[in-house]
Amino acid sequence: MTDRTVADLLVERLRAWRVPRVFGQPGEGVALIVDALRRAGGDPGFVPSRQPEAAGFMAAGHARYTGTVGVCLATQGPGALHLLGGLYDARLDGKPVVAVIGQQTYRALGSGYQEIELPRLFGDVCAQFLRTAALPEQVPYLLDQAIRTAVSTRSPTCLVVPHDLLGQPVPDGMPHPDGGGVLASAPGLPPARVLPHEAELDAAAQLLGAGQRVAILVGQGGYGAADEIVELADRLDAGVATSLLGKPVLDERLPYHTGVLGQVGTAASAQLMAGCDTLLMVGTNDPWTGYYPMPGQATAVQIDIDGSRLASRYPIDVPLVGDARETLRALLARVPQRRNRDWRGMIEGAVDRARTECAARAEERTGRLNPRLVLRELSPRLPADASVAVDVGSVTYWYARHLQLPPGVPAHLCGTLASVGSAVPYAVAAKFASPDRPVFVLLGDGAMQSGGLAELITVARHWPEWPDPRLVVLVLNNSDRAGRGGEPERGPDSAFPADSAAVRTSSAELDRPAAPGMPTPAAVRDGDVPYAGWARLLGLHGIWVDRPEQVGPAWEEALAADRPTLIEAVVDPAIPLDAPEQPFADLRGLTADGLAEGAGSTALRGRARALRERAANGADLV
């Protein structure tokens, strides 16, 4: 017998898998694992979160920024419940995460104290693998399977370990179970090369080569394939749009890059989809199907490593299961050069108009600070080695349209689950993954209150360990957590100037009548927080801006700071989000109701044909 326990054995197995760190909140059910992690001397490390929900998002963020499995830790009961948000985030966006959950001791099971039926609770989100260990010799095998399954299926998995099992001693030469069962496993999973069959590649190449007006839609599955996408687009004179998650994949300065597609996107991307007759989808599951071409308008090829996602958003003529980069290379060897300068010229014209419009909107004078300007001023200052985390809300619109990412800069957000409060945990994970790179967090005041304030304590605890201490948090404060607007209120102890523009206008806001059924501005303002002041209380740098001329210097001050910085920008909540028009919106809602039998389909085909002809002649479709 040795002094090693099952908790030590679990940590040793994580080390064998080269897991660099575990995110979690200490608690009774996992206290022995936390102690074992500390005894391990930082290999793997342990990053304690302020709340278990943040630990789940940190693990999902680690998987996003590193491409490797993220591991989170929570105790039974409420700790396990709070992990669900991060695990569903990983599931919906296809990221490998392993949750290690503590459980009541065996002798206490059934007592009802902090007891939740964990297999039932996690049965949906961790459907690919969910097991409870009962014997010491099971632990390394089950952990191997949990990690291997998470990586191979790009999904969250779960291992439940009762508290009394964690404390059991582990004998040297641990025996296999009796009865002939052998639990043999080893860490490691080499990456696979996944390619479609030759016949499907030939069919896809023929379809793409026959296209007159080709559009390419790129999602997060296109990471690492930027060169191949650009080469194929040039060969076909195609235009390129991206999903929100695919925004960082390509150089956004390309003249035929129309930007993000969908409600948060650009008119140029809507025009691209409205006019195309051929569509190539690369690693995308973009849900904004209202902005796709009309069904039947375009022939389509889709590339995705996950076959279950093929043809789930648009009718596909040639589905290709494979790695994006490898599949595109195989297609390039088959697709002929096809020139259509009229189509490419139309796309580039739409891109120029969209960029000019974005610049003009960012420069508009508004009642308070224009949030578009705040993001636009960051673009020329964003370091080439930065990482970006974006939260959910109006900031997503400004990020999608007004922040131009340098090539190669990773940017992530909770794309499919769209959970508010995920960006700061993402940023913590990104900073631990690359402590020598600056990290930028973009979020609104509502998201900052949804966990960001607490996890800023985590940042304050760890930033002296980072070679590059810069972690810049932008809070767009419009006091609009209910989507209605309000006025930031500053007291004498807020460490902000009492004669600022925002404070001077507060009396006028108090006199403004509220809309029927909505709270008065004063009621909304009661929940406001001095975000920059909170950062200063934690020993970080805090900057407060409320005028356009302050924005650029604020970004430069944050980049020059010797510690993490929070920029609180007091912005106008009345700025419209302005979703781009859907060229086919009138057709998508067309039904037989109110129309003669068969008239709907005839009108649909006629309208779609007219729009395609206008697109072919270079007409504006939006």
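Contact here means heavy atoms within 4.5 Å. Under that cut-off, Gly246 touches Val218, Gly219 and Gln220, not counting residues up to four places away in sequence.

The structure is a predicted model, in which local features need pLDDT of at least 70, side-chain atom pairs count only at pLDDT 80 or more, and totals for chains, interfaces and linings use all residues. Residues are numbered from 1 along each chain as its sequence is written, and side-chain values use heavy atoms, with hydrogens and water left out.

**Overall features**

The secondary structure of the protein chain comes to 24 helices and 18 strands. Helices (H or I, at least four residues) and strands (E, at least two) are DSSP runs, numbered from the N terminus. Of the 622 residues, 55% count as buried; buried means under 20% relative accessible area, exposed over 50%, and partly exposed in between (1.4 Å probe, protein chains only). The chain exposes about 24,600 Å², and carbon and sulfur atoms supply 51% of that area. Accessible areas come from the Shrake-Rupley method with a 1.4 Å probe, and for residues only the protein chains shown count as cover. Among contacts with a separation of 6 or more, 75% are between residues 24 or more positions apart.

**The sheet around S7 and S10**

Two strands pair if DSSP finds at least two bridges between them. Six strands form an open sheet in the order S9-S8-S7-S10-S11-S12, with parallel pairing. S9 and strand S12 (318-321) stand at the edges with a single partner strand each, so one side of each has no neighbour in the sheet. Neighbouring strands here are turned by 15° against each other on average, direction ignored. Axes are lines fitted to C-alpha atoms, for helices over the stretch in contact, and angles run from 0 to 180 degrees between N-to-C directions.

Within this sheet, strand S7 (residues 214-218) is joined to strand S10 (residues 278-282) by five bridges, and Ile216 has Leu280 as its bridge partner in S10. Helix H12 (residues 324-332) lies across S10, strand S11 (299-304) and S12, and runs at about 135° to S11.

Gly246 sits in the loop between S8 and strand S9 (257-260). Gly246 counts as buried because its relative accessible area is 0%. The C-alpha atoms of Gly246 and Gly221 are separated by 7.5 Å, with these positions 25 residues apart along the chain counted as their distance apart.

**The sheet around S15 and S16**

Another six strands form an open sheet in the order S14-S13-S15-S16-S18-S17, also with parallel pairing. Strand S14 (411-413) and strand S17 (541-545) are the edge strands, and each pairs on one side only. Six bridges join strand S15 (residues 439-444) to strand S16 (residues 471-477); Leu443 has Val475 as its bridge partner in S16. Helix H16 (residues 423-433) lies across strand S13 (387-390), S14, S15 and S16, running at about 175° to S15.

**Cores and helix H13**

A nonpolar core is a set of buried Ala, Val, Leu, Ile, Met, Phe, Trp, Tyr and Cys residues joined through side-chain atoms within 4.5 Å. The largest has 56 residues, and those with the most contacts inside it are Leu87, Ile101, Phe122, Met448, Val473 and Leu566. Met448 touches Val424, Leu443, Leu453, Leu456, Val473, Val475, Tyr531 and Leu566, not counting residues up to four places away in sequence. A second, separate core of 54 residues includes Val240, Ala241, Ala298 and Ala354.

Ala354 is one of the buried residues of H13, which also include Trp343, Met346, Ile347 and Ala350. The 23 residues of H13 (residues 341-363) should span 33 Å at 1.5 Å a residue, and the end C-alpha atoms are 33 Å apart, which agrees. The expected span is 1.5 Å times one less than the number of residues.

**Backbone exceptions**

Most residues other than glycine have a negative phi, and most peptide bonds are trans. Two residues with positive phi are listed below.| Residue | Phi | Loop | Relative accessibility |
|---|---|---|---|
| Asp237 | near 50° | between helix H10 (226-236) and strand S8 (239-242) | 1%, buried |
| Ala418 | about 55° | between S14 and H16 | 38%, partly exposed |

The peptide bond from Asp43 to Pro44 is cis, with omega near 0°. Pro44 lies in the loop between helix H2 (31-39) and strand S2 (45-48).
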